[in-house]
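Hi everyone, thanks for making the time. Let me put the sequence and the model up on the screen, and then I'll walk you through it.

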Amino acid sequence: MKYLFGTDYYPEHWPRDRWAIDARMMREMGISIVRMAEFSWAKWEPAEGVFHFEDLDEAIEILAKEGIDCILGTPTAAPPAWIIQKNPEIQPVDSHGHRLHFGGRHHDCQSNLAYREHSRRFVTAFARHYADNPHVVGWQIDNELGNSHGDLCFCPSCEDRFRQWLKDKYGTIEQVNKAWGTAFWSQDYSDFSQITAPKDTVTGHNPSQQLDWKRFCSDLVLDFHRFQADILRKEAPNKFITHNMMGFSDKVDYFKLTEQLDFASQDQYPGGHFQPEHNGYRADEQAGALDLIRSAGHKPFWVMEQQSGITGWEILGRTPRPGQLGLWALQGIAHGADAIVFFRWRSCTMGTEQYWHGILPHHGVPGRYYQELKQFIADTGSILEQVQGSVPAKEAAILFSYDQEYAMAIQPHHPDLKYQSHVMRYYSALHRRNIPVEFVREEDDWSGWKLLIAPFQFLMSMSLADKMRAYVRQGGRLVLDFRCGVKDTHNIAIMTDNLPCYVSDLCGLKVVEYDCLRDTDGAVSWGNQNYPIEFWNDIIQTDTAMPLALYAREFYAGTPAITVNQYGEGSVYYIGTGMKPELADRMVQEWIDHCGIRPLLETPHGVEVTHRKKNGSTYIFVLNHNAEERVIEAPESWQPIDSKGKGTDIPAYGYRVYILTCGLYTDTDSKL
Ligand code: GLA
Ligand code: GLA
């Protein structure tokens with residue numbers, strides 16, 4: 001692919017005589033693509049059916065003269081005031097029944113038919129206008145679908161559509177009653193017209209209805225995206241379609257969304273999380289988000305918005321330290337990005353995002369951010385070109401499921417138990433040892449993964465259990481943990497089997513009782529070492545499983561907390577408790593010793609190592625997220641391909657890139 005680096009650009013925010021200066025400065029720093037237009041509907045269609053693309057045409061032409069192409073965003077995340085005035089019912093409604101109004105963005109309901117018609121008219125005209133423009137090479141549909149829509153939309157149009165979704169899924173009202181367990185609290189329906197969205201009630205809601213609602217909400221976003229993608233593909237073929245996603249955001253199933261795309265994109269704001277560690281961000285969480293987006297298509301992706309200055313709306317974050325902007329951009333490449341687009345070109349002088357800083361400051365004269373990123377692009381352009389198209393080898397996989405995530409959000413069990421942090425419990429422990437991770441889903445082919453960690457398999461089906469059995473029988477190493485097999489896929493407790501339902505034979509144990517660790521910590525012993533645990537203890541009776549760790553407290557002290565069971569050619573680990581980092585580290589060591597997964601390199605804390613493989617070569621990225629220099633012990637076979645010579649000292653927020661043509665991981669080449 002010819003594009004390596006880009007920027008998000010809003011020419012409509014700046015005087016026209018500045019556009020040529022911007023384009024020249026972009027070219028000078030090595031930018032070859034911009035994303036534009038995703039929030040500017042009111043400019044291009046100031047009145048219904050009256051289109052004015054002249055300004056955008058001119059901006060595209062000015063950029064093209066400097067060799068810069070563009071991706072255009074459909075602006076459906078910001079419908080203009082005249083649309084809202086004409087059809088106020090487009091504005092979304094939250095679960096309390098409050099309508100949300102014009103003045104920000106995302107003030108739209110994605111099921112509303114009037115809104116669909118406005119969107120159809122605009123997107124069709126937009127696509128036709130740019131169909132033959134060779135400098136418009138791709139589309140982004142809407143912007144961060146799901147952003148601000150977490151608790152939206154509960155309007156009458158969405159309720160109608162939900163009822164239709166249920167009719168398609170269940171056919172009859174009797175089937176809905178059965179699936180939702182409506183015998184409880186007199187919730188039987190005699191007609192679909194009685195069903196509403198799960199709005200606020202005076203007590204807790206029906207968990208089965210809530211689960212279907214969350215699935216429906218994801219499907220609605222997918223439908224809204226497909227509706228636009230169909231228009232774009234028909235009217236303007238031969239351009240790619242991507243979408244800028246938000247890592248672990250759960251509103252829409254990113255695996256399914258990626259099926260509609262040519263490739264996925266991620267928006268990456270390490271400083272946007274305002275966490276105390278590592279100067280405001282956690283490298284493992286960034287890494288996890290990047291790996292999830294790569295995993296959504298199991299192929300390289302783009303970063304469509306990469307932080308390029310201070311983040312903040314009303315409250316601001318820290319200024320990125322010297323080196324951090326480049327380091328963060330390289331982290332994207334290290335996890336599989338084929339292009340990096342920096343958000344945004346210049347800090348905006350107006351509107352909500354005045355302090356979400358760009359490459360250039362408000363006054364437009366290049367400062368440190370511009371100089372650092374220009375140097376970074378010069379240093380890494382040829383490396384990115386070499387690695388484009390490559391992905392990591394298969395080592396460890398984590399089973400990721402939006403259904404399980406929704407189920408945990410509906411019934412967290414422990415107030416602090418959240419799916420993303422629970423998944424990160426495992427991911428971070430592997431990340432600390434520099435073991436590559438891919439996220440896979442239930443329906444994927446699991447063969448080739450040496451270790452498959454399946455956290456919180458709360459919703460279980462016979463077919464999923466059979467698939468797990470087959471994976472292990474053929475030599476796979478599977479990890480299951482507490483609350484496995486509690487419910488069926490309708491979120492109704494399974495009553496025909498022992499916990500963990502359908503897989504107790506696979507685990508070689510029964511869970512006979514359990515204990516939620518509210519307001520207290522727990523401990524386990526493993527060998528002669530004690531480790532803290534949290535949230536939950538399954539009380540386990542082993543059958544064929546062997547205990548690895550034992551509870552160290554409570555009336556069940558001395559009983560198994562973590563077990564391993566041989567099954568067929570493989571084995572199954574069962575973890576009955578929430579592992580804190582020390583225990584998770586011990587667990588990972590067990591998997592390194594017994595499951596064949598290998599660290600890329602042992603490194604000091606805060607130094608991350610990743611790899612990408614292509615044509616028999618392995619590219620190794622070493623990233624120092626620390627505020628001080630660190631020294632690594634790179635093997636002799638690692639040949640540096642950055643311009644930094646032989647040394648193995650990595651400055652604060654610095655990085656190294658190596659290539660190796662033999663050795664580590666070469667035995668897995670054939671599986672790529
Ligand atoms: C998101 C959006 C951008 C911008 C940035 C900064 O990533 O996609 O439009 O709003 O956040 O807030
Ligand atoms: C109260 C109610 C019961 C049941 C229990 C448990 O005692 O009367 O119907 O709801 O609480 O929540």
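I'll start at the ligand and then turn to the backbone. Please keep in mind that this is a predicted model.

So, where does ligand 1 sit? Ligand 1 is in the largest pocket. Going round the shell, you'll find Phe39, Arg105, Asn143, Glu144, Asn244, Asp267, Tyr269, Glu305, Trp313, Phe343, Glu353 and Trp356. By residue class, that shell splits into five nonpolar, two polar and five charged.

Let's look at some polar distances. The side chain of Glu353 has a polar atom 2.3 Å from an oxygen atom of ligand 1. For Asn143, a polar side-chain atom is 2.8 Å from an oxygen of the ligand. And for Trp313, an N or O atom of the side chain lies 2.9 Å from a ligand oxygen atom. How much of the ligand's accessible area does the protein cover? On its own, ligand 1 has 300 Å² of accessible area, and the protein covers 94% of that.

Now stay with Glu353 for a moment, please. Side chains of opposite charge can pair when their charged atoms come close. Here, Glu353 forms a salt bridge with Arg105, at 3.6 Å from N to O, and both residues belong to the ligand shell. What does this pair tie together? Arg105 is in the loop between helix 4 (81-86) and helix 5 (113-130), while Glu353 is in the loop between strand 8 (337-343) and helix 12 (368-387), so the salt bridge links parts that are 248 residues apart in sequence. For the whole model, the salt bridge count comes to 44.

On to the backbone. As a reminder, most peptide bonds are trans, and most residues other than glycine have a negative phi. Which bonds are cis here? One runs from Phe343 to Arg344, with omega near -15°, and Arg344 is in the loop between strand 8 and helix 12. Another joins Leu499 and Pro500, with omega about -10°; Pro500 is in the loop between strand 12 (477-481) and helix 16 (504-507).

Finally, have a look at His106. This residue is not a glycine, yet its phi is positive, at about 60°. His106 lies in the loop between helix 4 and helix 5, where we also found Arg105.

That's my tour, and I'm happy to go back to any view.

Key. Residues are numbered from 1 along each chain as its sequence is written. Chains are lettered from A and ligands numbered from 1 in the order in which they are written. This is a predicted model: local features need pLDDT of at least 70, side-chain atom pairs count only at pLDDT 80 or more; totals for chains, interfaces and linings use all residues. Side-chain values use heavy atoms; hydrogens and water are left out. A residue is near a molecule or strand if one of its heavy atoms lies within 4 Å of it. A polar contact is a pair of N or O atoms within 3.5 Å; within protein, one must be able to donate a hydrogen and the other to accept it, and residues adjacent in sequence count only if both atoms are side-chain atoms. Accessible areas come from the Shrake-Rupley method with a 1.4 Å probe; for residues, only the protein chains shown count as cover. On a 1 Å grid over the protein atoms alone, a cavity is a set of points where a 1.4 Å probe fits but cannot get out, and a pocket is an open set with protein on both sides within 12 Å along at least five of seven lines; lining residues have an atom within 4 Å of a point. A molecule sits in a cavity or pocket if more than half of its atoms lie within 2 Å of its grid points. Ala, Val, Leu, Ile, Met, Phe, Trp, Tyr, Cys and Pro count as nonpolar, Asp, Glu, Lys and Arg as charged, and the others, Gly among them, as polar. A salt bridge is a side-chain nitrogen of Lys or Arg within 4 Å of a carboxyl oxygen of Asp or Glu. Helices (H or I, at least four residues) and strands (E, at least two) are DSSP runs, numbered from the N terminus.
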